[in-house]
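Subject: Structure handover

Hi,

Here is the structure I promised to pass on to you. Have a look at it first, and then read my notes below.

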Amino acid sequence: MKNVERFANIALAGLTLAPLVVKVDPNLNVVLTACLTVFVGCYRSVKPTPPTETMSNEHAMRFPFVGSAMLLSLFLLFKFLSKDLVNAVLTCYFFVLGIIALSATLLPAIARYLPERWDKDLIVWHLPYFRSVEIEFTRSQIFAAIPGFFFCAWYASKKHWLANNILGLAFCIQGIEMLSFGSFKTGAILLAGLFVYDIFWVFFTPVMVSVAKSFDAPIKLLFPTADIARPFSMLGLGDIVIPGIFVALALRFDVSRGKEGQYFKSAFLGYTMGLVLTIVVMNWFQAAQPALLYIVPAVIGFLATHCIWNGDVKPLLAFDESKTTTKSEAVNDDKLNKKVERPRQWQLRSKRRASPFVWKLSGSLVVANEPDWRGLCAKLVYLLNTAHSVAIASQATAVGVAVLSFLQVWLLASSLGFAGSNARISFNFIMGIGS
């Protein structure tokens, strides 16, 4: 299978660069790029220990609301503020995330050529003026971040579609590799919620399409076309990552049972067919389509049909990676003296004892844990509601209203639980608006 993975990586790289030298049909490019990205991410997610970042049923039910809040906040920002100003701020944000995502994506390929001690010697750097905050990294990560820095600098200066796509693919691969729904039940709940989310924001409001066109950041893949009026076809990262995490879960389920590729093939085939159907309907009606409208039923339908046919419904529904993760962490704790190695991750943490606050940067993804965060956000939302009403009534400046709107929606999203859970804020930020 290593040869197949290697071929998939080479094919994805070649397909990404191909439009520079030859004319590639954008519809074919969309399908092949998305499918290869899912395939690569799925096999990178198969590790001795399952992904540590899993989602509960409660978080899965909240995710569409949080994604909606993020989407609406961006719509308000673009409506009340200068598009250039908003995109400038977001470019800085994605500049940092892009470096981390690219370094995490490249590290497995170049680590074999680096001295072994580079991945073991942990470097701790304390943030100036905030000595309680420290950043942990290795020399290997610094080395892998060097090309990422120059690449992101090129992206920030030129905003070339190729740079956008490479960063987007890095986000997708890292998301599929490092995140897990935990169980098929949770995955089905989230996919069903995003199914409704995608339909509502695309068909019933102009918000999704407006943000996608205004948002100049790698939250979507761009595929060159020959149409001057519409130079690019677009595919949101959420349409790749969200179903991709579900397909990756099917692959790890197969591996856990010693039957590699059994249900992965049906889930992957469902994703491919759903994406093809999206392209067909989009070209038929000549209008933007919510891809999850077709992908979600196809992925779940193909997997469910195969599972029912084989009589494996019970073991599939009983599969829970969050329990497996807990067990594996316990085993690793018992073997600390044997120095069981885990892949190094960028970490930023505070050492405050009274109120533990942890930020953990892993690839392009960020986690925050603060026990009192949700309660505080709920109170701030109430105050901002009042301030927002006063600002509108007193005809405050558009900038003031926009800032209040953004804070209001952001804190509302945080109070729903995502900022205080193991769900990753940046992942939600990117995927919520990229669906």
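**What I found**

Let me start with Thr 278, which sits in helix H10, the stretch that covers residues 262-285. Please keep in mind that this is a predicted model. Is Thr 278 buried or exposed? With a relative accessible area of 6%, Thr 278 is buried, because the cut-off for that class is under 20%. Leaving aside residues up to four places away in sequence, Thr 278 is in contact with Gln 289, Ala 291, Tyr 294 and Ile 295.

**Salt bridges**

Side chains of opposite charge can pair when their charged atoms come close. Counting with a limit of 4 Å between the side-chain nitrogen and the carboxyl oxygen, I get six salt bridges. Here are some of them.

The side chains of Arg 44 and Glu 177 form one, at 2.9 Å from N to O. Arg 44 belongs to helix H2 and Glu 177 to helix H6 (residues 161-178), so this pair ties together parts that lie 133 residues apart in sequence. Both partners, Arg 44 and Glu 177, are buried. There is also a network of salt bridges here, which links Arg 44, Lys 47 and Glu 177.

Glu 58 and Arg 62 make another salt bridge through their side chains, with 2.4 Å from N to O. These two residues are both in helix H3 (residues 57-80), where they are four residues apart, or about one turn of the helix. Glu 58 has a relative accessibility of 39%, so this residue counts as partly exposed.

A further salt bridge joins the side chains of Arg 252 and Glu 321, at 2.6 Å from N to O. Since Arg 252 is part of helix H9 (residues 238-256) and Glu 321 is part of helix H13 (residues 321-334), the pair ties together parts that are 69 residues apart in sequence. Arg 252 and Glu 321 are both buried.

**Cavities and pockets**

How many cavities of 30 Å³ or more does the structure hold? There are two. The second largest cavity has a volume of about 70 Å³. Its lining includes Leu 15, Thr 16, Pro 19, Trp 161 and Phe 223. At least two lining residues come from each of H1, H2, H6 and strand S5 (220-224). Which of these elements gives the most to that lining? The answer is S5, with four residues.

You may also want to look at the second largest pocket, which holds about 1000 Å³ of space. This pocket is lined by 30 residues, and those nearest its centre are Asn 9, Val 40, Arg 44, Thr 105 and Ala 109. Arg 44 is therefore the residue to look at twice, because besides lying in helix H2 and pairing with Glu 177, Arg 44 is listed among those nearest the pocket centre. H1, H2, helix H4 (83-110), helix H5 (139-158) and H6 each supply at least two residues of the pocket lining. H1 gives the most, with ten residues.

**A patch on the surface**

Finally, Leu 17, Leu 20, Val 21 and Val 22 form a nonpolar patch on the surface, and together they have about 380 Å² of accessible area. Within this patch, Val 22 lies in the loop between helix H1 (2-17) and helix H2 (26-44). Val 22 counts as partly exposed because its relative accessibility is 47%.

Best wishes

Definitions and conventions. Residues numbered from 1 in each chain as written. Predicted model: local features only at pLDDT ≥ 70, side-chain atom pairs only at ≥ 80, totals over all residues. Heavy atoms only, no water. Patch = residues over 30% accessible without salt bridge, like charges linked within 9 Å, V, L, I, M, F, W, Y side chains within 5 Å. Areas by Shrake-Rupley, 256 points an atom, 1.4 Å probe, with all protein chains shown as cover. Buried < 20%, exposed > 50% of the residue type's maximum accessible area, 1.4 Å probe, protein only. Contact = heavy atoms within 4.5 Å. 1 Å grid on protein atoms, 1.4 Å probe; cavity = no way out; pocket = protein on both sides within 12 Å on 5 of 7 lines; lining within 4 Å. Points joined across faces, edges and corners; volume = space filled by probe spheres on them.
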